[in-house]
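Got your viewer open and a hand on the mouse? Let's take a walk through this one together, stop by stop.

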Amino acid sequence: KDLSAFAGISPDVWLSGKVKSIKSYGAFVTVDGPEGTGEGLVHISQIRGAYIESVRGELTVGQEVRVRVLSMDRGRMTLSMLPASAPAPARAATARAALAAFEGVREEEWLEGTVSSLLSFGALVEV
């Protein structure tokens with residue numbers, strides 16, 4: 001994948017793109033650059049300046065979007081749909097609110113839960 005046409009583009013420049021595919025972690029977008037097209041990833045945290053539960057709830061395949069090139073590394077292009085001045089996603093505030101129910105739980109106390117998914121780094125447990 002030759003992405004050299006995007007190498008000098010400033011992160012302040014908005015480009016047109018079309019959602020090619022959607023994954024749980026983000027969306028792959030075909031981008032129209034000044035000298036050709038390329039494909040890059042818009043990570044879930046770069047779609048909207050707030051917590052997103054599902055990429056499919058925000059985007060659809062074939063949808064036209066505006067993106068900025070954040071970085072290029074080893075033939076991969078990282079894109080954003082957020083303005084450069086956008087605040088960090090509200091995940092920290094959402095996480096604090098979700099954890100508030102556990103404030104009174106002592107460290108040595110055990111809780112029952114259900115494994116909701118297994119990942120390469122561990123398990124997600126619903127309590």
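Before we start clicking, you need one piece of vocabulary: a residue is called buried when its relative accessible area is under 20%, exposed when that area is over 50%, and partly exposed in between. Try it out on Gly75: its relative accessibility is 45%, so Gly75 counts as partly exposed. Keep in mind throughout that you are looking at a predicted model.

**Stop 1: the whole chain**

Show the chain as a cartoon and colour by secondary structure. You should find one helix and seven strands. Follow the chain along its sequence and the pattern reads β-β-β-β-β-α-β-β. Now switch on the surface: the chain exposes about 8,700 Å², and 52% of that comes from carbon and sulfur atoms. How much of the chain counts as buried? Of its 127 residues, 24% do.

One more thing about the overall layout. Take the contacts between residues at least 6 apart in sequence: 52% of them join residues at least 24 apart.

**Stop 2: the core**

Hide the surface and select Phe6, Val29, Val31, Leu59, Val67 and Leu79. These belong to the largest nonpolar core, which has 21 residues, and they are the ones that touch the most other members. Which strands supply at least two residues each to this core? Colour β1 (15–23), β2 (26–33), β4 (64–73) and β5 (76–80), and you have them. As background, nonpolar side chains in soluble globular proteins tend to be buried together.

Now centre on Val67 and show its surroundings. Skipping neighbours within four places in sequence, Val67 is in contact with Val13, Trp14, Leu15, Val29, Val31, Val42, Leu79, Ser80 and Met81.

**Stop 3: Ser80**

You just met Ser80 in the list of Val67's contacts, so click on it next. Ser80 sits in strand β5. Is Ser80 buried or exposed? It is buried, because its relative accessible area is 0%. Show side chains and look for Gln46: a polar contact of 2.6 Å joins the side chains of Ser80 and Gln46. Beyond the neighbours within four places in sequence, the contacts of Ser80 include Trp14, Arg66, Arg68 and Leu70.

**Stop 4: salt bridges**

The structure holds four salt bridges, and we'll visit some of them.

- Select Lys20 and Glu39. Their side chains form a salt bridge at 2.9 Å, N to O. This pair links distant parts of the chain, with Lys20 in strand β1 and Glu39 in strand β3 (residues 36–43), 19 residues apart. Lys20 is partly exposed at 49% relative accessible area, and Glu39 is partly exposed at 26%.
- Select Glu58 and Arg48. The closest N and O atoms of this salt bridge are 2.9 Å apart. Both residues lie in the loop between β3 and β4, so the bridge ties together parts that are 10 residues apart in sequence. Glu58 is partly exposed, with a relative accessible area of 30%, and Arg48 is partly exposed at 35%.
- Select Arg106 and Glu108. Here the closest N and O atoms of the salt bridge are 3.1 Å apart. Arg106 and Glu108 are both exposed.

**Stop 5: a nonpolar patch outside**

Bring the surface back and colour Leu99, Phe102, Val105, Leu111, Val115, Leu118, Val125 and Val127. Together they make a nonpolar surface patch of about 740 Å². Zoom in on Phe102, which you'll find in the loop between α1 (91–99) and β6 (114–119). Phe102 counts as partly exposed, because its relative accessibility is 34%.

**Stop 6: the loop between β4 and β5**

Last stop: select Arg74 and Gly75. Arg74 is in the loop between β4 and β5, and so is Gly75. Arg74 is exposed, with a relative accessible area of 73%. What is the phi of Arg74? It is near 50°, a positive value in a residue other than glycine. For comparison, most residues other than glycine have a negative phi.

Finally, come back to Gly75, the partly exposed residue from the start of the tour. Add Leu3 to your selection and draw a line between the two C-alpha atoms. Gly75 and Leu3 are 72 residues apart in sequence, and their C-alpha atoms are 6.7 Å apart in space.

Conventions:
Residues numbered from 1 in each chain as written. Predicted model: local features only at pLDDT ≥ 70, side-chain atom pairs only at ≥ 80, totals over all residues. Heavy atoms only, no water. Core = buried A, V, L, I, M, F, W, Y, C linked by side-chain atoms within 4.5 Å. Buried < 20%, exposed > 50% of the residue type's maximum accessible area, 1.4 Å probe, protein only. Helix = DSSP H or I, 4+ residues; strand = E, 2+ residues; numbered from the N terminus. Contact = heavy atoms within 4.5 Å. Patch = residues over 30% accessible without salt bridge, like charges linked within 9 Å, V, L, I, M, F, W, Y side chains within 5 Å. Areas by Shrake-Rupley, 256 points an atom, 1.4 Å probe, with all protein chains shown as cover. Polar contact = N/O pair within 3.5 Å; in protein donor to acceptor, adjacent residues only side chain to side chain.
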